[in-house]
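Student: I would like to go through this structure and ask how its labels are justified.
Tutor: Then let us look at the model and test each label against its definition.

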Amino acid sequence: MKKCFVLIAIALVCLALAPFASADDPKGHFSVHPKTFVGKAGDCGTGYPAGSEIVTAAWIQGIGLPDNGGANSNPSNHADNLNKNDDRNGLLLSKNGATADCSAAGADITGADGAVLTELGFDIRNGTHCGGGAPRFNVDASDGFHFVGNCSAPFANATPAPQDPTAWTRLRFDLTQANPPVTPGAKIKSISIIFDEGTDGGPGAGLAVIDNVDVNGVLAVKQ
């Protein structure tokens with residue numbers, strides 16, 4: 001299984017999508033664009049079969065945290081939500097099959113290229129999947145390529161998410177624990193989110209809901 005995971009990761013690196021927008025975005029925003037990858041025969045290694053149409057990535061209204069940054073519920077009155085009219089867009093990432101299948105859900109992050117990489121993370125809905133390598137960031141930087149994202153301590157600083165501390169967790173990944181470690185001062189060339197661990201990982205596996213994607217302390221916006 002580990003060999004299959006590595007082969008899928010290598011294929012996704014080789015099949016990276018379009019270049020990212022300028023870091024000099026006058027709005028000061030990063031944007032998150034959902035995407036999926038279904039490999040052809042051989043894309044994940046010599047003799048490896050084609051992937052399957054088992055992956056989905058999309059911003060979905062109602063499954064995320066309030067877009068206005070407010071609380072997800074009213075702890076003093078659960079029947080009266082203060083942000084009841086907020087869209088609550090969340091990023092759904094799903095792989096409805098085996099990890100070894102040559103396919104992945106994910107998203108491209110635009111507006112980050114040229115910036116010195118200092119911080120990466122996101123908020124994740126409790127009970128959805130966060131494993132040793134998915135969801136993760138794939139980062140092409142001036143010092144090389146990096147996998148960033150391991151939900152196991154000490155790789156991720158996990159704290160209750162401010163908007164809903166009982167149902168969501170905020171993760172900030174240790175860049176010195178990336179694979180390989182990110183060199184201080186390294187600049188981003190491109191960055192994406194990858195979800196390629198499937199339903200064979202136990203309860204909750206194969207599906208993640210994330211929000212508030214953090215690049216260098218700036219929360220990325222839906223696009």
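Tutor: A residue is called buried when its relative accessible area is under 20%. The model in view is a predicted one.

Student: What makes both faces of β3 count as covered?
Tutor: On one side N89, L91, L93 and K95 are buried, and on the other G90, L92 and S94 are buried as well. In a regular strand, side chains alternate between the two faces of the sheet. With 7 of its 7 residues buried, β3 is largely enclosed by the rest of the structure.

Student: How do you know that β2 and β3 pair?
Tutor: Pairing requires at least two bridges between the strands. β2 and β3 have 7 bridges and run antiparallel, so they count as paired. Within β3, G90 is the residue opposite I60.

Student: Which way do β3 and β11 run where bridges join them?
Tutor: They run antiparallel, with 4 bridges. S94 has L207 of β11 as its bridge partner.

Student: Why are β7 and β13 called edge strands?
Tutor: The open sheet has 6 strands in the order β7-β6-β10-β4-β1-β13, and its pairing is mixed. β7 (144-148) and β13 (221-222) each have a single partner strand, so one side of each has no neighbour in the sheet.

Student: How do you know that β1 and β13 are paired?
Tutor: The requirement is at least two bridges. Strand β1 (residues 31-38) is joined to β13 by 2 bridges, so the requirement is met, and the two run parallel. V32 is bridged to K222 in β13.

Student: Why is the contact between D108 and K35 called a salt bridge?
Tutor: The side-chain nitrogen must lie within 4 Å of the carboxyl oxygen. For D108 and K35 the N to O distance is 3.0 Å, so the pair qualifies. D108 is in strand β4 and K35 in strand β1, so the salt bridge ties together parts 73 residues apart in sequence. Both residues are buried.

Student: Are D43 and K40 buried, partly exposed or exposed?
Tutor: Exposed means over 50%, and partly exposed lies between that and the 20% limit for buried. K40 has a relative accessible area of 55%, so K40 is exposed. D43 is at 23%, so D43 is partly exposed. Their side chains meet in a salt bridge at 3.7 Å, N to O.

Student: What makes D214 and R172 buried?
Tutor: D214 has a relative accessible area of 1% and is therefore buried. R172 is at 18%, which is under 20%, so R172 is buried too. The two form a salt bridge whose closest N and O atoms are 2.7 Å apart. This pair links D214 in strand β11 with R172 in strand β9, 42 residues apart. Through shared partners, salt bridges join E119, R172 and D214 into one network.

Student: Why is N157 called partly exposed?
Tutor: N157 has 47% relative accessibility, and buried would need under 20% while exposed would need over 50%, so partly exposed is the label. N157 belongs to strand β8 (residues 156-160). Neighbours within four places in sequence aside, N157 is in contact with R170, L171 and R172.

Student: Which residues touch the most other members of the largest nonpolar core?
Tutor: They are I109, L120, F137, V148, I193 and V213, in a core of 37 residues. Another core, of 5 residues, lies apart from it and includes L65 and L92.

Technical notes: Residues are numbered from 1 along each chain as its sequence is written. This is a predicted model: local features need pLDDT of at least 70, side-chain atom pairs count only at pLDDT 80 or more; totals for chains, interfaces and linings use all residues. Side-chain values use heavy atoms; hydrogens and water are left out. A nonpolar core is a set of buried Ala, Val, Leu, Ile, Met, Phe, Trp, Tyr and Cys residues joined through side-chain atoms within 4.5 Å. Buried means under 20% relative accessible area, exposed over 50%, partly exposed in between (1.4 Å probe, protein chains only). Contact means heavy atoms within 4.5 Å.
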